[in-house]
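Here are some short exercises to try with the structure open beside you. Work through each task yourself before you read its solution.

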Amino acid sequence: MDSEALLAVSDLRVRLPGGAALLEGVSLAVESGRSLGVVGESGSGKSLTALAVMGLLPGLAADGCVRFRGREMLGLRERDWRPVRGREIAMIFQDPMTAFLPVRRIGDQIDEQIRLHENLSRKAARARTVRLLGEMGVPDPDQAARRFPHQLSGGLRQRAMIAMALSCAPSLLIADEPTTALDVTVQAQILVLLRRLRETGAGVMLITHDMGVVAQSCTDVVVLYAGVVVERGPVRDVLDAPLHPYTQALLAAMPPLDGPRPERLPAIPGQPPAPDARPAGCVFAPRCVFVREACGTRPPMIARGGREAACVLLAS
Amino acid sequence: MTRALLSRLGQMVLVLFGISVLIFAVFFATPGSDPSARIAGRGASQEVLARVRADYGFDRPLPVQYVRMMEKLFVTRDLTSFVDHGERVVPEVLEAAPVTLSLVLFASVFWLLLSLGIGIVSAMLRDTWADRALMGLSLLALSMPVFWLGEMVNLVTQSRWHDAWAFSWVPPLGYTPFARSPKGWALGLLLPAFTLAVAFIGLYARVLRAELLQAMGDDAIRTARAKGAGPARLWLWHGLRLSWLSYVSLFGLDFAQLVGGGALLVEVVFALPGVGHLTYQGLNTLDLPLIMATVMYAAVFVVLANAAIDGLYALLDPRIREARRGL
Amino acid sequence: MSEGGPWVRLARQVLRRRGAVAAFSALLLIVLASAAAPLYAAWVGVDPFASDVAGTTIRDGREVDLMQPNDNPLHLGLTPIGPDWRLGPYAMGADPQGRDVAARVLYGGRNSLLISAASALLCLAVATGLGLAAGYFGGWVDAVLSRLLDILWAVPVYLLAISLSIVTIGHALHLGIVTIASDNLLIPVAIIALVYIPYAARPLRARALALARAEFVLAARALGASHWRILTREILPNLLDTLMVLAPLLMALCLLAESSLSFLSLGVQAPAASWGTIIQDGEGLIYTRPMVAILPGLAIVATVLALNVLGDALRDVLDPKGGRR
């Protein structure tokens, strides 16, 4: 049986027109029925990775390899992208306020996506829209479809956004910080929705800066730092025993999922480097407490116990 | 809703009042000269002067004069011209209005269609030579004095190449009422309307291009791409819908100003007997009541049109509608 | 910091654009040519202000009448001599009063440029005051000023200018002890400046409003700076870029307005010339001696176009995102 992943990104590089590298060889894979959390601070390149997978990079050059169902997607013509976007790969954006067109009704915007990809009547499309909104837990979905985006609460808007993303039953869903703009209870409900979707057999790629979100809803995780993958593996393993010092620091900075909150969370001292000021060696070295001479050259991914990390500590 | 409407109405009345006072003051309260002498026209006799003074009540205080003038303009509508042997002014203005309205309607069709086309094409081909050429032409178009352009059009189509096949259809200058000959009406207005439209085509194409490009950077457009929308749908259904608000409001303003008399220069150059031409005649004979009547009616029309545009704006943008309802 | 002050840097950025350089050179050329009008008139030996319908000039070594019998059977009477395209008197022909068209266009440029520049500056000065007051103080000051501007804005620009011109024309203005003669250029300058005040005041008010809430202004206020000090030291300098973008665009509008008024005989009064009055002079000759109207028109187009290109370049450099018209 061919075991190629649903989405396989390897050695993805993205640079600015000026030459500064934003992504330096990102590799990751999303399997059907699993969900991959892509974690990193802002500026680590996680959203950029998502946009590259969708072919939506704004005026940036990308090279490397992005294979979706075995098909190379980088450099695909816009015309060939169209039947893929929305139907095979759908995306949920961070801010559902700005992501919807403010001047059209929610229902019309979801109908549009359905009718772009399927030969359905207006009525049939609307029926599906209303059904989807209902499934996403939108109360009174028939009414909600006739609302403008600004008339819905943030949580309802995000549910509508997810309904739109799922309207054509995509096999890969990319969610870019889908819960950041929402409060905690709504956040939990949205994450449940995403988990249910994964259970129906689709692949999910969840972009977040929040390890807690990953812990709640992902099966696998990739940790990005300054445009480089520093660690990847199954969520349980990585959370229980992180290999890379950055992952360790990130987890230490996370409040425990249960139990009493500590007085103060340890923070990682320093700032991630700007794209044009990244060190030639390990990108985390300037902030790392274990830094040593060998960190002057960039470490390769080293496998250990079912997962991989890019750190010289593992080589010794 | 009712309260918002009432407050809007109150504002409109206030502006209307302000405008009438302003125009009245310009014509009859400029310091240092006797308005009756100017109304009576050049070389008027003493009896005429006395009659003007009594008729307009220039011997009374200014507020009384103002009320009397408004009454003559809008209530009894019997403001008479002294230069033009007692011709009533208001009916004259109303009679000329259809000519101006035809001209401006015609022109607005030109300028909407062409500026939409140029603006969209230019935005889609951003930074190519075609975009640069179109934008250069647009800038040139809005840099031309309209009366001069009209004369150049006349020079080419009425005289130099009038007999060439390209312009043999051009009728002589002047206006043919629609009722007499629809074809003559349309042919006669074609070139004046185009001349009037040129500057607006340039301006609107530039505005639309800038707005469109700004809208295309919007997050919502990225969502639309992520949905799998093609370029036509992206630019027209999403981009245009986001960006045409300012375009529409700009159009409303300019349309109202043109109908209100901004088309004067074109009417003069092409000898079209519209409201602007009437004003022009008034200028030549120093017929102040006539000029004041045209200006006053123009301003009233502009204010009413602006209110209508505000309503239309609310229809186009649900966010504004909300905000207003919440007022 | 980089070499040179902010002005030098701005100039360098603007002049990096080819269009802006061309526009600037064209403008400079037009201004210099207009300034040299008396030199030109003296050099070719014509008086551009004296009617000379009985005069003669030299063409191809022969003395010819300035007013020639009409060659068009429809037009009775005399037609002024046409252009001969050679440097010298009447190179561009004569106008209906036998005056040298080329020299009049140069002299007309002086008035047109002077009036449009002066009215643009005056308009900007007044609009800045109004915009600052409305945007900074807000409240009822803003409400009153904004309504006043609304009122001014509702009257079509040209109609307001025409109304103001018609009541000032032919009558000297007596304002207390000052009397302004009706042919004084101040009158068209003031009128044109007045009608465009709302156009300039709106963006300035918006900018002042934003600045009034900016942190550095709040900080200055917290330190106890006076309104006057905040307005002149903190807000006004930050309005400069808006003013610099507005200035050429406004001057282009004022030039078009001036020529329109003069075309309607409401601006510059005879025998003085402006590009608009010369087009008016040429209107009756448009089918026989079109050059009388073409030449000043081209001058207007070139100047307005150059100003617009320059304004665009300044806007691109100073304010890459904003700005509409």
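**Exercise 1: a helix in chain C**

Task: Find out how many of the 8 residues of helix α9 (residues 215-222) of chain C are buried, and say what follows for its surroundings.

Solution: Keep in mind that this is a predicted model. A residue counts as buried if 20 or more other C-beta atoms lie within 10 Å of its own. In α9 of chain C the number buried is 0, so the helix lies largely in the open. Next, look just after α9(C): there C:Gly224 has a positive phi of about 90°.

**Exercise 2: a strand in chain A**

Task: Decide whether strand β3 (residues 35-39) of chain A is enclosed or open, and find the strands it pairs with.

Solution: Begin with burial. In β3(A), 5 of the 5 residues are buried, so the strand is largely enclosed by the rest of the structure. Then take each face in turn: A:Ser35, A:Gly37 and A:Val39 are buried on one side, and A:Leu36 and A:Val38 are buried on the other.

Now turn to the pairing. β3(A) runs parallel to strand β8 (residues 203-208) of chain A, with 5 bridges joining them; here A:Gly37 stands opposite A:Leu206. β3(A) also pairs in the parallel sense with strand β9 (residues 220-225) of chain A, over 4 bridges, and A:Leu36 has A:Asp220 as its bridge partner there.

**Exercise 3: confidence in chain B**

Task: Which elements of chain B have the lowest and the highest mean pLDDT?

Solution: Start with the whole chain: the mean pLDDT of chain B is 84, and 92% of its residues reach 70 or more. Among its elements, helix α14 (residues 318-325) has the lowest mean, 60, and helix α6 (residues 129-141) the highest, 94. Where pLDDT is low, predicted coordinates should not be read in detail.

Key
Residues are numbered from 1 along each chain as its sequence is written. Chains are lettered from A and ligands numbered from 1 in the order in which they are written. This is a predicted model: local features need pLDDT of at least 70, side-chain atom pairs count only at pLDDT 80 or more; totals for chains, interfaces and linings use all residues. A residue is buried if 20 or more other C-beta atoms lie within 10 Å of its own, exposed if 12 or fewer, and partly exposed in between; C-beta atoms are placed from the backbone. Helices (H or I, at least four residues) and strands (E, at least two) are DSSP runs, numbered from the N terminus. Two strands pair if DSSP finds at least two bridges between them. pLDDT is the predictor's confidence in each residue, from 0 to 100.
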